[in-house]
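Please read these notes with the model open beside you. They take the strands, then a helix, then the cavities.

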Amino acid sequence: MRISMLMSLIRPTGPIIVGISLGFTLSLLSVTWVNESCDSNWMGATDEMLVAHPGISKGARKPSSISTGTTDNGNTEGEFEPRIVPYNKPAQQGPPHKVIRAKYVSTELGIRERLFVAVFTSKTTLSTLAVAINRTLNHHLDGRLIFFTGTRNRKLPHGMFVVAHEDERPVPNMYQSIRYLLEHHVAEYDWFYLAQDDTYTQPERLKTLVSHLSMDLQLYMGHPGEFIGGETQGRYCHGGPGFLLSSALLLKLQPFLDHCRTDIISVKPDEWLGRCIIDYTGTSCVEEYEGLNYNYFSMENNMDLLKVENDGFQNALTVHPVTSAELMYRLHKQFSQIELQRTYEEIEKLQSEIKNVSEVAVDGNKSTLWPIGISPPFEPKSRFEVLRWDYFTEEHLFSCVDGAPKCQLIGADRDDVSDVINVAVAELKEKYNPIVQLSDPRLVNGYRRFDHTRGMEYTLDLQFQATTQSGHQKSIARRVHLVRPLSQVEIIPMPYVTEATRVHVLLPLTSYESHAALSFLDHCSSNLFENGENAILNLLFAYEPAEALKVSTNDVFAEVKAKVAAVEHRYPNVKVSWISIKTESSGVLHILDIVSRKHPVDTLFLLVTADTVLNSEFLNRCRMNAISGWQAFFPIHFQDFDPHVAYPDRPPSGSPDLVREAGHFDRYTFEEACFYNSDYMSSRTRMNGDLQENEELMENLDLYDMFVQYSGLHVFRAVEPALRQAYRNRTCDPRLNEDSFHRCLQSKVEGRGSRSQLAMLIFEQEQSNST
């Protein structure tokens with residue numbers, strides 16, 4: 001009885017007692033297993049987290065180890081005493097050094113271009129074969145193309161970079177070329193392709209080959225050949241079909257290049273280079289590497305390119321020898337057609353695969369977009385985002401650029417419509433042939449719209465005369481839908497510009513703008529002169545003949561000149577220059593002709609008006625968007641509405657946001673412009689030919705029209721949020737030409753207020769009149 005009662009009391013605590021006993025037993029056993037010295041071999045310096053006291057040579061124990069009681073020297077280890085490491089305040093540092101950033105991000109990040117192309121030419125073929133290579137190869141490459149020659153003519157072909165070594169001997173020319181690559185470009189490119197000027201190179205296949213090769217390879221790839229005599233082990237790459245060299249191989253060869261010049265004797269440059277590479281790097285020429293082949297084709301005399309169906313020609317990377325520039329262009333056309341046909345076949349294959357996969361999708365064929373592989377149409381979220389369709393016929397367009405309801409279909413629009421109709425007719429004929437023969441196509445209705453997500457879309461209603469195989473004829477109509485898709489996005493190389501360029505601000509003034517010029521000088525003082533902006537202000541006083549006669553007694557610009565003197569006195573480092581011009585014309589081109597002759601050709605001009613408010617942000621965009629020989633910038637400023645219309649019940653805020661109720665971007669004004677003097681002078685030179693036939697051209701054209709018609713530059717027209725003009729009741733100069741005067745009136749009318757504000761103003765006026 002007592003035993004059973006005792007067991008009933010012990011049973012609940014039994015597992016606890018067993019667990020505690022087991023824990024003590026395992027802990028005692030672990031002491032014998034983990035019995036290691038703190039200086040064991042696997043314990044590195046990086047594991048010592050505790051520092052011993054100065055003067056004591058023993059190290060700290062690893063937290064998971066058990067001390068043996070003795071150190072390496074046999075001394076008994078005492079108890080470890082932690083110590084406090086005092087915080088040493090860092091020494092006072094001087095002013096931070098100015099960080100010099102690289103010109104390009106790729107330079108700072110160490111990113112290199114993939115391919116560099118070097119072509120060996122001569123003085124006699126520089127203007128023929130070399131020009132043909134430049135035209136068929138240069139614009140397809142992402143890297144650099146340079147021509148090496150012994151001597152050259154004084155005049156070089158346009159758009160070619162030529163390096164002359166002043167030595168016509170082939171081997172020294174090769175040596176100087178390799179040395180030039182090592183000194184100037186080996187750190188910027190991964191692969192170097194070298195060829196002669198009588199070699200045609202298919203650019204897309206060359207880029208594809210290089211893109212599959214690792215940048216770290218030491219590779220010498222081309223058409224291998226045996227050395228004469230067979231004394232040298234290995235093979236060299238023939239120079240005729242061209243060859244590839246990796247930058248890693250060139251860097252390995254660099255210390256021995258001068259030894260090759262003196263020790264290796266050869267009359268063939270490609271054989272000399274091959275001996276040099278094999279002797280000092282141990283790398284031999286190969287034609288194939290990991291499944292990648294260097295395909296070449298040997299050209300025979302009088303070969304008909306259209307009849308060549310050889311696989312070696314169809315897949316060739318290079319063709320050699322090419323005897324004339326005409327043959328080079330014919331080869332380029334032939335290979336371009338081959339590549340285009342292969343691209344079409346690949347597109348059809350991908351479309352077929354997409355269509356087959358869509359069969360097993362949840363929605364079946366409904367999940368397949370049309371056309372296959374093209375982005376889906378844009379889906380509007382509101383009524384304002386619905387894309388507009390423009391109506392057209394074969395002769396007219398019913399949505400014109402100038403706002404007219406109907407205009408003649410000319411130029412690029414006519415070519416676009418004609419091409420779309422021809423494609424649609426060809427597709428319908430192929431679809432119904434041979435059962436039905438379609439003839440006499442006629443466009444009944446045409447619609448088109450531009451979808452920014454996929455391209456230009458068309459809807460055509462075409463009418464045909466259909467003839468069956470039995471001879472029956474009938475007039476039928478078919479509606480077709482077409483898409484001209486957008487191609488892939490490409491980066492266009494742009495010239496390098498900086499924000500450090502000095503801007504010469506030009507302000508033409510007439511007598512009725514003298515009061516506004518005072519406010520302009522106040523804005524310049526606070527926004528430019530006080531900040532030390534790198535800009536020079538030039539005032540251009542345009543006197544009418546009657547005003548010029550009274551300049552000594554009653555100068556219409558006397559108040560402005562006094563203001564200029566006060567500004568210069570306030571800012572001693574600022575010099576505001578002015579030019580007095582007597583003219584009967586209001587055209588700005590007459591004034592700019594005088595100013596242009598007084599400044600260097602590399603001067604950056606900023607043409608403004610008396611209402612323009614300048615600031616640093618806009619000046620920087622002027623510097624970035626005006627590119628000499630490339631682009632002129634015509635900003636669209638934000639025009640404030642009449643405050644009495646925009647804010648009838650409250651005063652306007654000091655710096656209102658760019659909102660619809662405050663103003664609008666005035667697209668009718670072209671008065672502000674950023675351009676280089678050299679571009680203006682070249683445009684005026686081209687304009688002189690038409691000026692002799694039409695003497696009124698100077699009066700009818702403004703600066704914007706002149707750049708569009710005669711400069712050949714890209715005219716960059718964009719809204720400028722940093723350029724803002726306060727409302728002023730301007731007066732349009734009646735001496736302006738008809739188009740400029742009409743634009744001035746339109747700008748003045750639309751600058752009063754928005755449609756809703758003007759409508760509310762008229763409504764309130766009607767209400768007050770009725771009461």
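1. Two strands pair if DSSP finds at least two bridges between them. Keep that cut-off in mind for the next points. The model is predicted.

2. Start with strand 17, residues 436-451. Strand 17 is joined to strand 18 by 13 bridges. The two run antiparallel. For one contact to find on screen, take G446, whose bridge partner in strand 18 is L460. The link between strand 17 and strand 18 is a hairpin, made through three residues.

3. Now look at the other partner of strand 18. Strand 19 covers residues 473-485. Here too, 13 bridges join strand 18 to strand 19, and the pair is antiparallel. M456 has R484 in strand 19 as its bridge partner. Four residues lie between these strands in a hairpin. In that turn, G471 has a positive phi of about 100 degrees.

4. Why is strand 18 described as largely enclosed by the rest of the structure? Strand 18 spans residues 455-468, and 10 of its 14 residues are buried, so the rest of the structure largely encloses it. Buried here means under 20% relative accessible area. As background, side chains in a regular strand alternate between the two faces of the sheet.

5. Turn to helix 21, residues 703-711. Which residues of helix 21 are buried? They are L703, Y704, M706, F707, Y710 and S711. When you look along a helix, recall that an α-helix has 3.6 residues a turn, so residues three or four places apart point the same way. After helix 21 comes G712, with a positive phi near 75 degrees.

6. How many cavities of 30 Å³ or more are there? The count is two. The largest cavity has a volume of about 90 Å³. Its lining consists of Q639, Y727, R728, N729, R730, S747, K748, G751 and R752. By type, the lining of the largest cavity holds one nonpolar, four polar and four charged residues.

7. The second largest cavity holds about 40 Å³ of space. V505, C524, L528, F529, A535, I536 and L537 line the second largest cavity. Helix 13 (514-529) and strand 21 (535-543) are the elements that give two or more residues to this lining. The lining of the second largest cavity has seven nonpolar residues, no polar and no charged. Set that beside the largest cavity, with its four polar and four charged lining residues.

Terms used. Residues numbered from 1 in each chain as written. Predicted model: local features only at pLDDT ≥ 70, side-chain atom pairs only at ≥ 80, totals over all residues. Heavy atoms only, no water. 1 Å grid on protein atoms, 1.4 Å probe; cavity = no way out; pocket = protein on both sides within 12 Å on 5 of 7 lines; lining within 4 Å. Points joined across faces, edges and corners; volume = space filled by probe spheres on them. Nonpolar A, V, L, I, M, F, W, Y, C, P; charged D, E, K, R; others polar. Buried < 20%, exposed > 50% of the residue type's maximum accessible area, 1.4 Å probe, protein only.
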